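This report walks through one protein chain for a reader who has not met it before. Please keep the sequence and the 3D view at hand while reading.

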Amino acid sequence: MSNEITCVRCGQTRGRMAFKPFQNEFGQELYDTICGVCWGEWIKRQQQLINHYALDLRTPQAREFLMSALREFLAPAA
């Protein structure tokens, strides 16, 4: 398997993530379509959201909010 992919978010050919972020189909989809650089940008944004909104990740509402933000953040560039 190649270590480089064409990222659907930024459109550039870059190295893939070091590992699948989730152990399900969605995680595999992200691993196959999002580059490591864009994933790193998401991790920083995720931390900002958690801190800004004081999210308690033990609650389903907080996890749903982050998943929605993740999908929006990593959506292909228009």
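## A walk through the model

The side chains of D56 and R58 are joined by a polar contact of 2.9 Å. D56 belongs to the loop that runs between helix 2 and helix 3, and with a relative accessibility of 30% it counts as partly exposed, because that class lies between the limits of 20% for buried and 50% for exposed. From D56 to N3 there are 53 residues in sequence, and the two C-alpha atoms are 35 Å apart in space. These values, like the others in this report, come from a predicted model.

### The chain as a whole

The chain contains three helices and two strands, and along the sequence they follow the pattern β-β-α-α-α. Its C-alpha trace spans about 40 × 25 × 20 Å along the principal axes. Of the 78 residues in the chain, 29% are buried. The chain exposes about 5,400 Å², and carbon and sulfur atoms supply 52% of that area. Among the contacts with a separation of 6 or more, 45% are accounted for by residues 24 or more positions apart.

### Helix 2 and helix 3

The table sets out the length and the span of two of the helices.

| Helix | Residues | Expected span | C-alpha end to end |
|---|---|---|---|
| Helix 2 | 17 residues | 24 Å | 24 Å |
| Helix 3 | 14 residues | 20 Å | 20 Å |

For helix 2, the distance between the end C-alpha atoms agrees with what 1.5 Å a residue would give. The buried residues in helix 2 are C38, W39, W42, L49 and I50. Around the axis they cover an arc of only 115°, which puts them on the same side of helix 2. An α-helix has 3.6 residues a turn, so residues three or four places apart point the same way. On the face of helix 2 that is turned away from its buried side are the exposed residues K44, N51 and H52. The cover over the buried residues of helix 2 includes strand 2 (13-15), helix 1 and helix 3. Just after helix 2, A54 takes a positive phi of about 50°.

In helix 3 (residues 60-73), the end-to-end distance likewise agrees with the expected span. Which residues of helix 3 are buried? They are A62, L66, A69 and L70. Viewed down the axis of helix 3, these buried residues fall within an arc of 105°, so they line one face of the helix. The exposed residues Q61, E64 and E72 are carried by the face of helix 3 turned away from its buried side. Helix 1 (25-33) and helix 2 (36-52) are included in what covers the buried residues of helix 3.

### The nonpolar core

In soluble globular proteins, nonpolar side chains tend to be buried together. Here the largest nonpolar core has 18 residues, of which L30, I34, W39, W42, L70 and L74 touch the most other members. Helix 1, helix 2 and helix 3 are the elements that give two or more residues to this core, and helix 2 gives the most, with five residues. When neighbours within four places in sequence are left aside, I34 is in contact with I5, C7, V8, R9, M17, W39 and L74.

### The loop between the strands

Two residues of one loop can be followed in detail. C7 lies in the loop between strand 1 (4-6) and strand 2, and R9 is found in the loop between strand 1 and strand 2 as well. Is C7 buried or exposed? C7 counts as buried, because its relative accessibility is 2% and the limit for buried is under 20%. Beyond its neighbours within four places in sequence, C7 is in contact with Q12, T33, I34, C35 and C38. C7 and Q28 are 21 residues apart in sequence, with 14 Å between their C-alpha atoms.

The side chain of R9 is joined to the side chain of E41 by a polar contact of 2.7 Å, and a polar atom of the R9 side chain lies 2.8 Å from the backbone oxygen of F73. Leaving aside its neighbours within four places in sequence, R9 is in contact with I34, C38, E41, F73, L74, A75, P76 and A77.

Key. Residues numbered from 1 in each chain as written. Predicted model: local features only at pLDDT ≥ 70, side-chain atom pairs only at ≥ 80, totals over all residues. Heavy atoms only, no water. Helix = DSSP H or I, 4+ residues; strand = E, 2+ residues; numbered from the N terminus. Expected span 1.5 Å × (residues − 1). Buried < 20%, exposed > 50% of the residue type's maximum accessible area, 1.4 Å probe, protein only. Arc of directions from axis to C-beta. Contact = heavy atoms within 4.5 Å. Core = buried A, V, L, I, M, F, W, Y, C linked by side-chain atoms within 4.5 Å. Areas by Shrake-Rupley, 256 points an atom, 1.4 Å probe, with all protein chains shown as cover. Polar contact = N/O pair within 3.5 Å; in protein donor to acceptor, adjacent residues only side chain to side chain.
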